[in-house]
Amino acid sequence: MKKQVAIIISIFIAGIATAQDKNITIHSIEELKLYSTLWQQSAAEYRALCYQAFNTAKMRLDEIPKRKFRKQKLAIITDIDETIFDNSYQEAQLIKNNESWNMKSWLNWTNLSVATAVPGAVEFLQYAGKKGVSVFYVSNRGAEELKSTLINLKNLHFPNADSSHALFMTNEPSKETRRQEVMKNYDVVMLMGDNLNDFAQVFENKNISDRFTATDNAKDEWGNKFIVLPNATYGEWENVLFNYQHGLTGEQKLNMLRAALKTMPQ
Ligand SMILES: [Mg+2]
C-alpha cells in the first residue's frame, strides 16, 4: 500500500515538474549561466580541478632544471580572469539583476579590486617567483583596468604585480603579439589560461570541430607547457557557439544553443 502511494505521489510530482518546465521563460541569456556560476561558487569539484591544475603546474616547474634553455631568464605567461581571479560574483550579480553582460557593469566590478584568487593560484605563482621565474599577466582587460587590477593582484599577494609585467589589451584581442613580446627576452616555460586563445594563435577564430582538431594536435602540451583552468560560464567556446556573431537577440541565441545540442554521437 505504502509503495502504491509513493508511486502515485511520484507521478504527481513528475507531472507538476513537467508542467512547470513548460512555463519556464528565459529573460536573458545570463540566466542560462545560473548553473555554471553556482558550480564555480559551490562545487568542491571545481576547487579540486583548480588544485589539480596548479599541482600539475608545480610538478612541471620542478622539472625545469633538467631542461636546457636558450635564454637565462625564464617566464610564465598567465591569463587573469578565471585563471587566477575568480569573478563569479559579477556573473552572479548579473543573473540576479536579469542583466546581460555589459562593459559598464564589468568595469564597475573590476574597479572594486575585490576578485578572489582561484584556489592554488597564489601559492603556485609565489612558488614560481621564488624559483626565479618571472610571471607575466597577459590579459584582455583594458588599460583603464590596469590600476585596479594591479591593486587586486597585490592584495592577493601575486608576484610581479607591476605594470612592466602586465600586458593588457590595447588594439587587438589576440594575445599573440603580447606573447611574442615576452618571448623576446624570456624562455616561456609555461602558459596558463581558461581559454584556448590564452595559449597559442593556432586556436583562434575556429569553429567547434577545428578547435577540437587543434586541441587534439596539441594533446601533449596539456598538463605540460599548457595549464588549463575550468570555466564553464564564458569564454571563446561560447563565441564559437554563436558563430562569433554579436548583437544576436536572446531568442536567436537560445535557438542556436538548442541547435548545437547533440542527441546522439556523431
Ligand atoms: Mg580568462
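This is a short walk through a predicted model, from its magnesium ion to two residues in its interior.

Let's start at the metal. Three aspartates coordinate the magnesium ion: Asp 79 and Asp 194 do so through OD atoms, while Asp 81 uses its O atom, at 2.1 to 2.2 Å. If you trace these donors along the chain, you will find the spacing D-x1-D-x112-D. Are Asp 79 and Asp 81 buried or exposed? Asp 79 counts as buried because its relative accessibility is 7%, under the 20% cut-off. Asp 81, with a relative accessible area of 11%, is buried too.

Next, look for Gln 40, which sits in helix α2, spanning residues 34-42. Its relative accessible area is 6%, so Gln 40 is buried as well. What does the side chain of Gln 40 pair with in polar contacts? One partner is the side chain of Glu 82, at 3.0 Å, and another is the side chain of Asp 86, also at 3.0 Å. Leaving aside residues up to four places away in sequence, Gln 40 touches several others, including Tyr 46, Asn 87, Ser 88, Asn 231 and Thr 233.

Our last stop is Leu 196, in the loop between β6 (187-193) and α9 (208-217). Although Leu 196 belongs to a loop, it is buried, because its relative accessible area is 14%. Setting aside residues up to four places away in sequence, Leu 196 touches Phe 203, Arg 211, Thr 215 and Trp 222. You can also find Glu 236, which is 40 residues from Leu 196 along the chain, yet their C-alpha atoms are separated by 7.5 Å.

Terms used: Residues are numbered from 1 along each chain as its sequence is written. This is a predicted model: local features need pLDDT of at least 70, side-chain atom pairs count only at pLDDT 80 or more; totals for chains, interfaces and linings use all residues. Side-chain values use heavy atoms; hydrogens and water are left out. Donors are N, O and S atoms within 2.8 Å of the metal (3.2 Å for Na, K and Ca); water is not among the atoms, so sites may look incomplete. Buried means under 20% relative accessible area, exposed over 50%, partly exposed in between (1.4 Å probe, protein chains only). Helices (H or I, at least four residues) and strands (E, at least two) are DSSP runs, numbered from the N terminus. A polar contact is a pair of N or O atoms within 3.5 Å; within protein, one must be able to donate a hydrogen and the other to accept it, and residues adjacent in sequence count only if both atoms are side-chain atoms. Contact means heavy atoms within 4.5 Å.
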